[in-house]
Amino acid sequence: MTTDQTSPPPAADLPADPLTLAEKASLTSGGGDFVTSAVDRAGVPAVTLSDGPHGLRLPKEAGDGGQLDLHSAAPATCYPPAVALGSSWDPELARRVAGALADEATAHGVRVLLGPGINIKRSPLCGRNFEYFSEDPLLTAELGGAMVRGLQESGVGAALKHYAANNQETDRMRVSADIDERPLREIYLRAFERIVRRDRPWSVMSSYNAVNGVTLSENTRLLTDILRTEWGFDGIVMSDWGAVRDRVAALRAGLDLQMPGTQGRTDAQVAAAVRDGSLDEAVLDTAVERLVRFARRAATGDGRSEPRMTVDDHHRLAGEAAERCVVLLRNEDGLLPLSPDAGSVAVIGELARTPRYQGAGSSQVTPTRLDVPLDALRDRAEGALVAFAPGYALAVGGTVGAPADENALTEEAVRLAAGSDTVLLFLGLSSQDESEGFDRDHIDLPEDQLRLLEAVVAANPRTAVVLSNGGAVRTDPWHRTVPALVEGWLLGQAGGGALARVLFGDVSPSGRLAETLPLRLEHSPSHLSFPGEEGHVRYGEGVFVGYRGYDAADREVAFPFGHGLSYTTFAYSGLRVTAENDGSRFAVAVTVTNTGSRTGRETVQIYSGGPAGSSVARAPRELRAFTSVTLAPGESRELVVHVSRDDLAYYSEREGGWRVEGGDYVIAAGASSRDLRLSAEVTVAGDPSRLALTGRDSLAEWLEHPAGGPLLMKAFAEGRAAAGAEAGPSALDNPVLRRFLAGMPLEVIADFPQSPVGPEGVAALVTAASAASSGTSSTPGADVAVSDGAGGGAVPLGVRGTGAGAGAEAEG
């Protein structure tokens with residue numbers, strides 16, 4: 001959990017001249033497709049909004065297609081979408097990209113960007129996964145939060161979306177995501193909570209779907225009780241476009257702004273509800289206060305009128321970002337990088353000549369320019385001969401076709417491959433396979449591409465496959481037949497040049513998977529309950545989303561969460577863990593050494609597991625922190641990150657809040673969720689239970705309770721002593737009987753004639769336990785022992801060097 005850093009919202013800044021009821025109602029819906037309503041006489045300005053998670057899709061003028069026209073009114077820089085940026089594991093890079101987005105937004109008069117999207121990748125089939133960062137809430141929160149900061153530090157507001165549990169496109173405007181409280185809190189709300197508390201976005205966008213039967217736009221618990229009361233959110237809540245069903249009910253639940261505008265229709269409903277008493281005007285006034293504050297904040301911005309960066313600057317940043325996003329999945333025998341004078345290189349695949357660089361739907365950007373991989377490879381090749389064959393056809397618009405001349409294209413590609421020293425084979429998905437608005441049916445590459453792959457590898461085993469895709473694809477079994485595999489995702493407008501620099505070794509790849517690549521779709525933890533039926537989707541996998549589920553099932557995967565290779569190698573040593581601030585957090589220090597011959601960037605990932613014997617089901621390991629470092633050959637540096645004790649908590653539905661269990665936890669450092677190099681064992685004091693024991697609590701729950709356990713054992717001993725020899729042996733001394741009785745409520749056991757405590761005794765115990773609990777306290781603390789996995793005892797504790805938070809660049 002993130003420490004609550006909220007502060008009281010600023011004082012309301014309402015016009016001196018009171019707004020009329022009609023004016024107040026008008027502010028609660030849009031003034032157009034991408035603009036809020038203004039009240040000019042009262043000095044309440046309109047705010048221009050724009051889609052833009054990875055680049056501006058500038059609004060069209062009225063009558064020019066409006067919100068249903070997915071083309072931008074003007075060119076803008078297309079940065080790597082979140083699917084790629086997530087693989088950078090680089091919050092500082094995300095912050096810089098967001099600052100550049102704000103720069104362009106300011107130049108076009110846009111005051112709020114509709115993003116970032118931080119929904120969790122529950123299933124690889126979600127058609128909109130290219131707009132989301134990760135299957136993990138911590139990684140999502142660090143990257144999404146960095147984008148919020150980057151935007152708002154530059155005077156442009158963020159609209160954090162899509163709140164909440166918007167994890168599929170199938171029936172997205174009606175489906176109810178039915179989720180138990182624990183996975184809702186730990187997985188699907190966690191990133192929203194972290195960002196709202198820490199980064200304070202100006203706005204949050206509510207999603208189309210319902211959660212547990214209540215549509216988000218009318219969900220008081222999510223919009224008011226949790227978002228505002230628990231987390232302290234003081235911005236506005238706007239709807240996704242067309243997500244409001246009942247405007248009055250939505251306003252009452254905590255939705256401030258309906259988008260887009262309805263030409264006054266729902267404004268009239270709001271005003272009428274106030275007049276007839278079905279809506280308290282105070283509810284409307286509260287929303288209006290927030291909307292006025294939002295509008296004036298947006299109008300002020302940071303006072304800039306001119307952009308700080310040129311179009312060329314933005315393109316260079318897009319290229320730098322794309323370089324960080326490329327993930328080298330496999331590189332047998334050092335096939336990559338290519339040498340500029342390494343003879344002949346066959347570039348095969350139409351996607352090398354006609355790149356797919358962004359997803360389809362509302363986030364589509366008209367780029368200012370576009371780097372084509374084939375052109376960039378030819379420019380970079382220097383002495384190498386680069387020849388091209390399309391291999392397969394792309395229809396107009398980038399959708400993969402099924403051409404009648406597939407055989408001819410394959411034969412041409414095979415001839416080129418056979419006569420070349422090395423093959424770069426570009427494969428990937430099409431816009432017809434993944435888009436906003438619908439989910440994927442499978443995770444396979446197109447069949448014609450798979451046939452081409454088989455033929456090309458047979459003709460030339462020295463083949464490196466380069467993927468272009470917005471969602472996970474199945475690489476098994478064919479990835480075992482190619483020596484090199486590069487996950488290029490969708491890299492934005494400068495991705496072609498970035499790929500060329502990585503493939504020729506100007507840049508050592510440093511991307512890491514932000515989602516697991518499974519061997520088969522059927523292995524996905526959510527597979528049997530996605531996308532649901534009859535208007536409901538049951539989140540049956542609970543907290544076991546992504547790598548948590550694969551690891552808990554001990555299921556083999558193609559490539560694990562966090563995986564990514566480099567052109568150099570890294571060694572880990574000297575793991576040290578220190579409890580700080582009376583055990584409220586742990587400083588985790590590890591030394592990383594570049595043991596190869598090239599400069600490279602390593603991302604160190606910190607996971608926790610345990611405690612042993614937990615009362616709830618837990619994943620074997622969960623990401624708790626990460627940091628990156630760039631090292632020259634032979635260079636070493638100690639990195640330090642911090643893990644909060646609160647982050648070890650699980651959400652207890654019974655106790656109605658987060659709870660840290662006492663016990664032994666494992667803190668591990670490694671290069672992926674399945675490549676853990678060093679580990680530490682940490683003994684953590686648990687939180688006292690907030691539950692008031694009753695007779696309906698089980699024997700095991702009584703015995704585990706810090707106050708109730710001793711009282712119960714004392715009562716049992718006294719009861720047996722009073723019974724004398726007739727009591728016989730204690731059932732608790734028999735391990736089988738003890739397990740048999742463990743799940744029984746104490747009041748049921750008390751009804752047994754041989755029980756040493758009767759019903760009256762249970763009532764007395766409940767009273768005594770309540771009194772004892774009210775005086776029970778626990779000071780968090782920790783004992784730490786460190787192991788390198790090869791045995792050995794405890795080592796002295798202490799931290800040297802400069803600390804770095806999750807995802808921060810560490811310093812030595």
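**Exercise 1. Determine what share of the contacts in the protein with a separation of 6 or more is made by residues 24 or more positions apart, and describe the overall composition of the model.**

Solution. Residues 24 or more positions apart account for 77% of the contacts in the protein with a separation of 6 or more. The model examined here is a predicted one. Its secondary structure amounts to 22 helices and 28 strands. The protein has 812 residues, of which 59% count as buried.

**Exercise 2. Classify the packing of helix H13 against helix H16, and state which residues form the contact.**

Solution. Step one concerns the geometry: the axes of H13 (residues 373-381) and H16 (residues 495-503) come within 8 Å and cross at roughly 40°. Because of this angle, H13 is oblique to H16. The crossing of the two helices is right-handed.

Step two concerns the residues. From H13, Pro373, Ala376, Leu377 and Arg380 take part, and they meet Gly496, Gly497, Ala500 and Leu503 of H16. By class, the residues of this contact comprise 5 nonpolar, 2 polar and 1 charged.

**Exercise 3. Carry out the analysis of Exercise 2 for helices H14 and H15.**

Solution. The axes of H14 (residues 406-418) and H15 (residues 447-459) come within 9 Å, with a crossing of roughly 30°. Angles under 35 degrees count as roughly parallel. H14 is therefore roughly parallel to H15. The handedness of the crossing of H14 and H15 is right-handed.

On the H14 side, the contact is formed by Glu406, Thr410, Ala413, Val414, Ala417 and Ala418; on the H15 side, by Asp448, Arg451, Leu452, Ala455, Val456 and Ala459. The residues of this contact divide into 8 nonpolar, 1 polar and 3 charged.

**Exercise 4. Establish the strand order of the open sheet of 3 strands, and identify its edge strands.**

Solution. The order is S18-S19-S22, and the pairing is antiparallel. Strand S18 (570-580) and strand S22 (636-644) are the edge strands, since each pairs on one side only. On average, neighbouring strands of the sheet are turned by 20° against each other, with direction ignored.

The pairing of S19 with S22 can then be examined in detail. Strand S19 (residues 585-594) runs antiparallel to S22 and is joined to it by 9 bridges. At one position, Ala587 stands opposite His642 in S22.

**Exercise 5. Decide whether Gly471 is buried or exposed, and locate the residues with which it is in contact.**

Solution. Gly471 belongs to the loop between strand S13 (463-468) and strand S14 (484-487). The cut-off for a buried residue is under 20% relative accessible area. Gly471 has 1% relative accessibility and so counts as buried.

When neighbours within four places in sequence are set aside, Gly471 is in contact with Leu429, Glu434, Arg440 and Trp489. For one of these, Glu434, the separation from Gly471 is 37 residues in sequence and 7.6 Å in space, C-alpha to C-alpha.

**Exercise 6. State how many residues of strand S9 are buried, and describe how S9 is joined to S14.**

Solution. Strand S9 (residues 327-331) is mostly covered, with 5 of its 5 residues buried. S9 and S14 run antiparallel and are joined by 4 bridges. Within this pairing, Arg330 has Leu485 in S14 as its bridge partner.

Technical notes
Residues are numbered from 1 along each chain as its sequence is written. This is a predicted model: local features need pLDDT of at least 70, side-chain atom pairs count only at pLDDT 80 or more; totals for chains, interfaces and linings use all residues. Side-chain values use heavy atoms; hydrogens and water are left out. Axes are lines fitted to C-alpha atoms, for helices over the stretch in contact, and angles run from 0 to 180 degrees between N-to-C directions. Angles under 35 degrees count as roughly parallel, over 145 as roughly antiparallel, 65 to 115 as roughly perpendicular and the rest as oblique. A crossing is left-handed if the near helix is turned anticlockwise from the far one by less than a right angle, and right-handed if clockwise. Contact means heavy atoms within 4.5 Å. Ala, Val, Leu, Ile, Met, Phe, Trp, Tyr, Cys and Pro count as nonpolar, Asp, Glu, Lys and Arg as charged, and the others, Gly among them, as polar. Two strands pair if DSSP finds at least two bridges between them. Buried means under 20% relative accessible area, exposed over 50%, partly exposed in between (1.4 Å probe, protein chains only).
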